[in-house]
Amino acid sequence: MTVLTVVLALLAALGNAAASVLQRRGTTQVDGGGAAVARWWSWATRLLRRRVWLWGAALLAVSGLCQAAALAAGPLAVVQPVMTTELLFTMVIGSAVFRRRPDVRTWWAFVAMAAGLGAFMALLSPTGGGSTVPGSRWLWSGVLLAVLMVVLTLVAWRLPPALAAAVLGTATAIGFAGTAALVKDALGRLPDGGLGALATTWQAYAAVVVGLGSFLLLQLTLRAGPLVASQPAMTLGDAFLSMLLGRVLFGEDLTLGVRLVPELLALALLIAGTVQLARSPLLTSTDGKERPW
């Protein structure tokens, strides 16, 4: 793992977290005072007039650039797992913005997730790999990912809210992991052909389409059920699938062997921390009521 890659991924996660909190603050201001918004267009228009929401949108764009730079600088199997720290940053920033102090259980979850992620990445130590992917690999892997997303989305409609949120969260994670892989592949063509190559490669346009579709699917996920069901599926699913795609598509190396047992223990700590942190009121509410971010 290169230091630059990790730093850029952390900055991207921080930007995403700050954007999430600011945009959530903007939506609460629009809906404040108990005023009902009769039509979605009216609500969206009012939202766009809120500076705090616009600052969040600007931060989201900056974080996207940081993530793209991280993907260009290092392995996919490093960038996306490090991006799971967004959940940690969201808790810290949210507690400051909404003036709510984390309880002891939340702090323990914070420490468990941070320690589990750090240990897991240090033990796994993803390295190497190419910067581009042969078209033949994308042909079968892309079809498989698309089929999985569609099947999971269709299945979710027949499930109760909590389970539906988890299934949709998994489908969303597949979309985000696929988008990151497409972005990395597209950026990998810059050294040879420059911006002209980036403008003519299909991966760049596919990344836009898949990314937009994943964003829309995220909105369905947040409406489907509680955050505690969807957030772990999205956070961990994106990280683990990205490591798999890094290995299969880009040929990145993952260290297993004698490290497998401590890696599994670190993974268990990471999962436990993520699930518990998703239960925190700091991530699910701003005024004592359950509200998705």
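Start by selecting Leu-236, which touches Leu-270, Ile-271 and Thr-274 once residues up to four places away in sequence are set aside. The model on screen is predicted. Leu-236 sits in helix α11. Leu-236 counts as buried because its relative accessibility is 8%, and the cut-off for buried is under 20%. Now add Thr-274 and draw a distance between the two C-alpha atoms: Leu-236 and Thr-274 are 8.2 Å apart in space, although 38 residues separate them in sequence.

**The whole chain**

Zoom out and colour by secondary structure. The protein chain has 13 helices and zero strands. Read from the N terminus on, every element in the run is therefore an α. Of the 293 residues in the protein chain, 45% are buried. Among contacts with a separation of 6 or more, 81% are between residues 24 or more positions apart. The pair Leu-236 and Thr-274, 38 residues apart in sequence, has such a separation.

**Helix α12**

Select residues 260–278, which form helix α12. What distance should the 19 residues of α12 span, at 1.5 Å a residue? The expected value is 27 Å, and the end C-alpha atoms are 27 Å apart, so the two agree.

Next, show the side chains of Glu-263, Ala-266, Leu-267, Leu-270, Gly-273, Thr-274, Leu-277 and Ala-278, which are buried residues of α12. They lie on the same side of α12, because they cover an arc of only 130° around the axis. An α-helix has 3.6 residues a turn, so residues three or four places apart point the same way. Two residues of this buried set, Leu-270 and Thr-274, are also contacts of Leu-236. Turn to the other side of α12 and pick Val-261 and Leu-265: are they buried or exposed? Val-261 and Leu-265 are exposed.

**Back to helix α11**

Select residues 227–250, helix α11, and find Ser-230 within it. Ser-230 counts as buried, because its relative accessible area is 0%. Which residues does Ser-230 touch, not counting those up to four places away in sequence? They are Ala-165, Ala-166, Gly-169 and Thr-221.

Move along to Leu-241, also placed in helix α11. Leu-241 has 15% relative accessibility and so counts as buried. Leaving aside neighbours within four places in sequence, Leu-241 is in contact with Leu-145, Ala-173, Ile-174 and Ala-177. For one of these, Ala-173, draw the C-alpha distance to Leu-241: the value is 7.9 Å, across 68 residues along the chain.

**The second largest pocket**

Keep Leu-145 selected; it leads from Leu-241 to the last stop. The second largest pocket holds about 270 Å³ of space. Of the 16 residues that line the second largest pocket, those closest to its centre are Gly-142, Leu-145, Ala-146, Met-149 and Val-210.

Which helices each supply at least two residues of this lining? Colour α7 (135–156), α8 (161–187) and α10 (202–224) to see them. The largest share of the lining, eight residues, comes from α7. Colour the lining by residue class to finish: 12 of its residues are nonpolar, four are polar and none is charged.

Conventions. Residues numbered from 1 in each chain as written. Predicted model: local features only at pLDDT ≥ 70, side-chain atom pairs only at ≥ 80, totals over all residues. Heavy atoms only, no water. Helix = DSSP H or I, 4+ residues; strand = E, 2+ residues; numbered from the N terminus. Expected span 1.5 Å × (residues − 1). Buried < 20%, exposed > 50% of the residue type's maximum accessible area, 1.4 Å probe, protein only. Arc of directions from axis to C-beta. Contact = heavy atoms within 4.5 Å. 1 Å grid on protein atoms, 1.4 Å probe; cavity = no way out; pocket = protein on both sides within 12 Å on 5 of 7 lines; lining within 4 Å. Points joined across faces, edges and corners; volume = space filled by probe spheres on them. Nonpolar A, V, L, I, M, F, W, Y, C, P; charged D, E, K, R; others polar.
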